Amino acid sequence: HEDGLVTIADTLADKDRMVMERKRSDLLTMLEDRSQAPGMRGVLLTQSEVAVASMLIPRDTRELAASLESLFGNAVVAHKIFGVGVLAMALSTISILMLVSGFAVCEALGVERHGIPFRAGMFCASTGVLWPFVWTGDSRAYLAVVIGTIGYTLLPVALITFLFMLNSPRLLRTELPTGKTRWLWNVLMGVAISITGTASVWTAWHLSIVNFPIGPVALISFLVLVLLGHVFHQRNYRRVASLK
């Protein structure tokens, strides 16, 4: 205005305003808990702590897609790209998981990898389509983030398996890489395992639900199961070899 006053127009919709107020309340509660924590009374709050606390507040799909706006320069395009990415992740992941599930069921039953057992195993993984009906509420779309985190945490397991398969003469036989090609593949796989493995272990180890360290428990349990499975497999392999 000519008199020097500045008017700020509130263009937020009622739903968006309610979401912002709720997240603002969550942030204030988090900061209040910090100030009441043992040893933190009277300690001044820093801007870095406020920034970290704001990062811990769960985001919905609109905010996640907004992170791409600076890249594409258009909010509509950013939301479309984000949606296509989530859809592609879901379709590619469920396809792989259904195949792996079918193979696993056939191996567990000791039957050929085709027919009814293979299809039944594939359909075991397809039950994931029911989770949007179980995981309801405003955070339903956040399920994609949770699934992505679980998949990323387990990625090193697949890479380690590929590394063993890559160096298995009994499995690859004449297709086994040799010479410089074998060295190159092993170096690349080693780098991939180092990067994803470090991130995966760190993520799992610091994961907790309602103050229960679910991450460390799951990680240790998984390692124990892998060790037991390896011992069982070796014993079974020796038994079959002795019969021959």
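Begin by selecting Leu 159, which is found in helix H8, covering residues 143-166; helices here are DSSP runs of H or I with at least four residues, strands are runs of E with at least two, and both are numbered from the N terminus. At 13% relative accessibility, Leu 159 counts as buried, where buried means under 20% relative accessible area, exposed means over 50%, and partly exposed lies in between, with a 1.4 Å probe and protein chains only. Leaving aside neighbours within four places in sequence, Leu 159 is in contact with Met 189, Ala 192, Ile 193 and Thr 196, a contact being heavy atoms within 4.5 Å. If you display the C-alpha atoms of Leu 159 and Ala 192, you will find them separated by 7.7 Å, although the two residues are 33 residues apart along the chain.

Before going further, keep in mind that this is a predicted model, in which local features need pLDDT of at least 70 and side-chain atom pairs count only at pLDDT 80 or more, while totals for chains, interfaces and linings use all residues. Residues are numbered from 1 along each chain as its sequence is written, and side-chain values use heavy atoms, with hydrogens and water left out.

Now show the whole chain and colour it by pLDDT, the predictor's confidence in each residue, from 0 to 100. The mean pLDDT of the chain is 78, and 82% of its residues reach 70 or more. Among the elements, helix H3 (residues 61-66) has the lowest mean pLDDT, at 65, and helix H10 (residues 179-205) has the highest, at 89. Over residues 8-13 the pLDDT stays under 50, and for this stretch the model has three contacts beyond four places in sequence. In the same view you can follow eleven helices and zero strands, and buried residues make up 14% of the 244 residues in the chain. Of the contacts in the chain with a separation of 6 or more, 37% are between residues 24 or more positions apart.

Next, select Ser 200, whose place is in helix H10. Ser 200 is buried, with a relative accessible area of 6%, and, not counting residues up to four places away in sequence, Ser 200 touches Tyr 152, Thr 153, Leu 154 and Pro 156. Val 157 is also worth marking here, since from C-alpha to C-alpha Ser 200 and Val 157 are 9.8 Å apart in space and 43 residues apart in sequence.

Staying with H10, add helix H11 (residues 214-243), which has 30 residues and reaches 43 Å from its first C-alpha to its last, close to the 44 Å expected at 1.5 Å a residue; the expected span is 1.5 Å times one less than the number of residues. In H11, Gly 215, Pro 216 and Leu 219 are buried, and the buried residues of H11 pack against H10. At what angle do H10 and H11 pack? The angle is about 125°, and their axes are 6 Å apart, the axes being lines fitted to C-alpha atoms, for helices over the stretch in contact, with angles from 0 to 180 degrees between N-to-C directions. H10 and H11 are therefore oblique to each other, because angles under 35 degrees count as roughly parallel, over 145 as roughly antiparallel, 65 to 115 as roughly perpendicular and the rest as oblique. To see the contact itself, show Val 201, Ala 204 and Trp 205 in H10, which meet Gly 215, Pro 216, Leu 219 and Ile 220 in H11.

Move on to helix H5 (residues 75-109), whose 35 residues should span 51 Å at 1.5 Å a residue, in agreement with end C-alpha atoms that are 51 Å apart. Select Ser 101 within H5: Ser 101 is buried, with a relative accessible area of 17%, and touches Gly 121, Met 122, Cys 124 and Ala 125, not counting residues up to four places away in sequence. The buried residues of H5 also include Ala 78, Met 98, Gly 102 and Cys 106. Just after H5, Gly 110 takes a positive phi of about 70°.

For the last stop, select Arg 173, in the loop between helix H9 (169-172) and H10. Most residues other than glycine have a negative phi. Arg 173, however, has a positive phi of about 55° although it is not a glycine, and at 66% relative accessibility Arg 173 counts as exposed.
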